[in-house]
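Good morning, colleagues. Thank you for making time for this short presentation. Please turn to the sequence and the structure as they appear on the screen.

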2 protein chains.
Amino acid sequence: MTSPEAREETVLSAVAERRETVNEAISESLPIAEPERLYEASRYLLDAGGKRLRPTVLLAVAESLAEEAHQTADYRSFPDLSGEEIDIMSAAVSVEVIQSFTLIHDDIMDDDDLRRGVPAVHREYDLETAILAGDTLYSKAFEIMLETGAPAERSVEALDVLANTCTQICEGQSLDVEFETRTDVLPEEYLRMVEQKTAVLYAASAALPAILLGADEETVDALYGYGLDVGRAFQIQDDVLDLTVPSEQLGKQRGSDLVENKQTLITLHARKQGVDVDSLVGTDDVDAVTEAEIDEAVEALEAAGSIDYAKETAQELVETGKDRLEVLPENDARRLLEQIADYLIERGH
Amino acid sequence: MTSPEAREETVLSAVAERRETVNEAISESLPIAEPERLYEASRYLLDAGGKRLRPTVLLAVAESLAEEAHQTADYRSFPDLSGEEIDIMSAAVSVEVIQSFTLIHDDIMDDDDLRRGVPAVHREYDLETAILAGDTLYSKAFEIMLETGAPAERSVEALDVLANTCTQICEGQSLDVEFETRTDVLPEEYLRMVEQKTAVLYAASAALPAILLGADEETVDALYGYGLDVGRAFQIQDDVLDLTVPSEQLGKQRGSDLVENKQTLITLHARKQGVDVDSLVGTDDVDAVTEAEIDEAVEALEAAGSIDYAKETAQELVETGKDRLEVLPENDARRLLEQIADYLIERGH
């Protein structure tokens, strides 16, 4: 048995090892071209940080399928399953670019001021530039995905997955907004929203390398399922952390989801148990709420079993997700993907 | 010699003939799915009207290449150059969907209230929904372009053109904003901005059917050039009309570009002739400007030869554009494409 702490260290160092290569590739694929201000704004969040978890998942699936060790892999000339070389790094950059586009537009929509410790793009620049920077990253992601050099049939399938992923992210974001004004959201509806808003990009990250390297449909589908499962678990864990981690460690007010009336699996469960969720916190201003109020609310949710319910759901999703990895050869990269799944629900922030 | 009036009638009736089929195809490719509010907002501008000029260019190029008459053509099962059937209508819908996405986001950026006689999407709905509706159309355009059933190599090329077109539109929009704060813009820079912001989507509309039907590179390039030329001419004519057409016919204040300090080929030429363009109109409020002020400004621009210069530039672009159509077989569809080019600079609004 590996301890959660040891696992966290393994995962974070595996992610860090790949991060530098990914960051270099981002600079290559997305240079600061003319008009400079537009490209600077487009690169702003990408350069501000980020773990590069999705590119890591993508590269690890590629490593596992091709039985290539990370230490010696050349991701720009990476062997597909018939021994032809493709540029799998372009696919990794493409999903990170999509992720960055959604963050820029989400921050506008949620009117968030901070992201990754720096001002959101619409604060650092302006609304116009932020919309346009997101739109630029959007098409750039498609251009970059077309640079893998994979056979045309596979590129077409990869682009179809990418386009469909973006559509679902938009649908998920739209549902998230809609749910804020509804009190009758079902847990299934919530999980569907989380699947679209968050999990599909993990699913794409896991399935795209299989498509591009020429794996069979069963493998592609299983990997897509892995991404959906761990992506949903990741979001549910986020909801748990919002209630259980001290504000200073969280980087924002603990319980802010409750204050802002955001629906989560936890509140939906509590509502079903008869908890008057809307009265748990008296204010909807995060700056006005007290730690004591949050403590009391968390106690009520714990008493209703809602936090345990969310943790168990996330745990089940991670187990199913890991099982799906059986389509991969047994190797270090597959073990890393299993550890990433565990890490996503064990992480403290 | 055909008179401008007769040509306008021919073009508008040719466009109208194809519009109904295009509108039907839009409903098929972009149904009001869940979440309904998102898809209603996405369809809002598409349903509010629009000539469908870009889809008409795309379908006319296809008709000309395949020597198919519009009256009997089945665009959903359209013969490519080797006799295989492809769905060319999906490509026509895709470019119109891209056009609609850019209008929604442009209206937010320019803070425009009206479009096609109805409130802009961010006014009819809200900012969040408008951003998201544009983002949804963006990925939907890629999904729809993947539905042509063309061989994978051609689909990959078509998607590359589409993605690159979107990137250029963003770059052009960014330059347009940048130019508002610069007084040293060169006419070449202006033409480059117009090329990116407006002409590339005409270029894509003309080149995509050639790519998808399997035409050779020379044909694809010539048609792309046709679109760039007539697209730039179209924008320059817009700038001329803004000064020369009465407000009631224009649907907005005549001379609003001058009032809002927008750079056009006309003002750039005038500046080079020593005209103090920034002092031509005393106000930057379109509601405060008088017709007499505009008359005087137009007289100054006419005296400097700037309006004639713009008209001549547009005329030259249209002539070069029409010459490029020599790669097409001589038939009714090619003649329609020639007439569309002429119409774009003869139209009165």
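I shall speak about symmetry, one helix, the cysteines and the salt bridges. Please bear in mind throughout that this is a predicted model.

Let me begin with the relation between the chains. Chain B is superposed on chain A by a rotation of 180 degrees with 0.0 Å of shift along the axis, and the RMSD is 0.1 Å. That is how a two-fold axis relates two copies. The same surface serves both copies, since 100% of the contact residues of chain B recur in chain A. Which residue of chain B comes closest to the rotation axis? It is B:Ala152, whose C-alpha lies at 2.6 Å.

A residue with a contact across to the other chain is A:Ser155, in helix H7 of chain A, which covers residues 152–179. Leaving aside neighbours within four places in sequence, A:Ser155 is in contact with A:Thr148, A:Ala150 and B:Val156. Its relative accessibility is 5%, and A:Ser155 therefore counts as buried, the cut-off being under 20%.

I turn now to helix H4 of chain A, residues 88–110. Its 23 residues, at 1.5 Å a residue, should span 33 Å, and the end C-alpha atoms are indeed 33 Å apart. Is H4(A) mostly covered or mostly uncovered? It is mostly covered, with 22 of its 23 residues buried. At its start, a side-chain oxygen of A:Asp87 comes to within 3.2 Å of the backbone nitrogen of A:Met89. After the helix comes A:Asp111, which has a positive phi, near 50 degrees.

Next, the cysteines. How many disulfides does the structure hold over all chains? The number is zero. In chain A, A:Cys170 is in no disulfide, and the nearest cysteine sulfur, that of A:Cys166, is 7.1 Å away. A:Cys170 is buried, with a relative accessible area of 3%. In chain B, why is B:Cys166 without a bond to B:Cys170? The two sulfurs are 7.1 Å apart, which is too far for a bond; a disulfide would need them within 2.5 Å. B:Cys166 is also buried, at a relative accessible area of 1%.

Finally, the salt bridges, of which the structure holds 58 over all chains. I have selected examples from chain B.

One of them pairs B:Asp342 with B:Arg7, the closest N and O atoms being 3.4 Å apart. This pair links distant parts of the chain, 335 residues apart: B:Asp342 is in helix H15 and B:Arg7 in helix H1. Both partners are buried, B:Asp342 with a relative accessible area of 9% and B:Arg7 with 12%.

Another joins B:Lys197 and B:Asp176, with 2.7 Å between the closest N and O atoms. B:Lys197 lies in helix H8 and B:Asp176 in helix H7 of chain B, so the pair ties together parts 21 residues apart in sequence. Here B:Lys197 is partly exposed, at 22%, whereas B:Asp176 is buried, at 8%.

A further example is the salt bridge between the side chains of B:Arg254 and B:Asp295, at 2.7 Å from N to O. B:Arg254 lies in the loop between helices H10 and H11 and B:Asp295 in helix H13, so parts 41 residues apart in sequence are tied together. B:Arg254 is buried, at 9%, while B:Asp295 is partly exposed, at 38%.

In chain A, salt bridges that share partners join A:Arg7, A:Glu319, A:Lys322, A:Asp342 and A:Glu346 into one network. Thank you for your attention.

Definitions and conventions: Residues are numbered from 1 along each chain as its sequence is written. Chains are lettered from A and ligands numbered from 1 in the order in which they are written. This is a predicted model: local features need pLDDT of at least 70, side-chain atom pairs count only at pLDDT 80 or more; totals for chains, interfaces and linings use all residues. Side-chain values use heavy atoms; hydrogens and water are left out. Copies are superposed by least squares on the C-alpha atoms of residues with pLDDT of at least 70 in both. Contact means heavy atoms within 4.5 Å. Helices (H or I, at least four residues) and strands (E, at least two) are DSSP runs, numbered from the N terminus. Buried means under 20% relative accessible area, exposed over 50%, partly exposed in between (1.4 Å probe, protein chains only). The expected span of a helix is 1.5 Å times one less than its number of residues. A polar contact is a pair of N or O atoms within 3.5 Å; within protein, one must be able to donate a hydrogen and the other to accept it, and residues adjacent in sequence count only if both atoms are side-chain atoms. A salt bridge is a side-chain nitrogen of Lys or Arg within 4 Å of a carboxyl oxygen of Asp or Glu.
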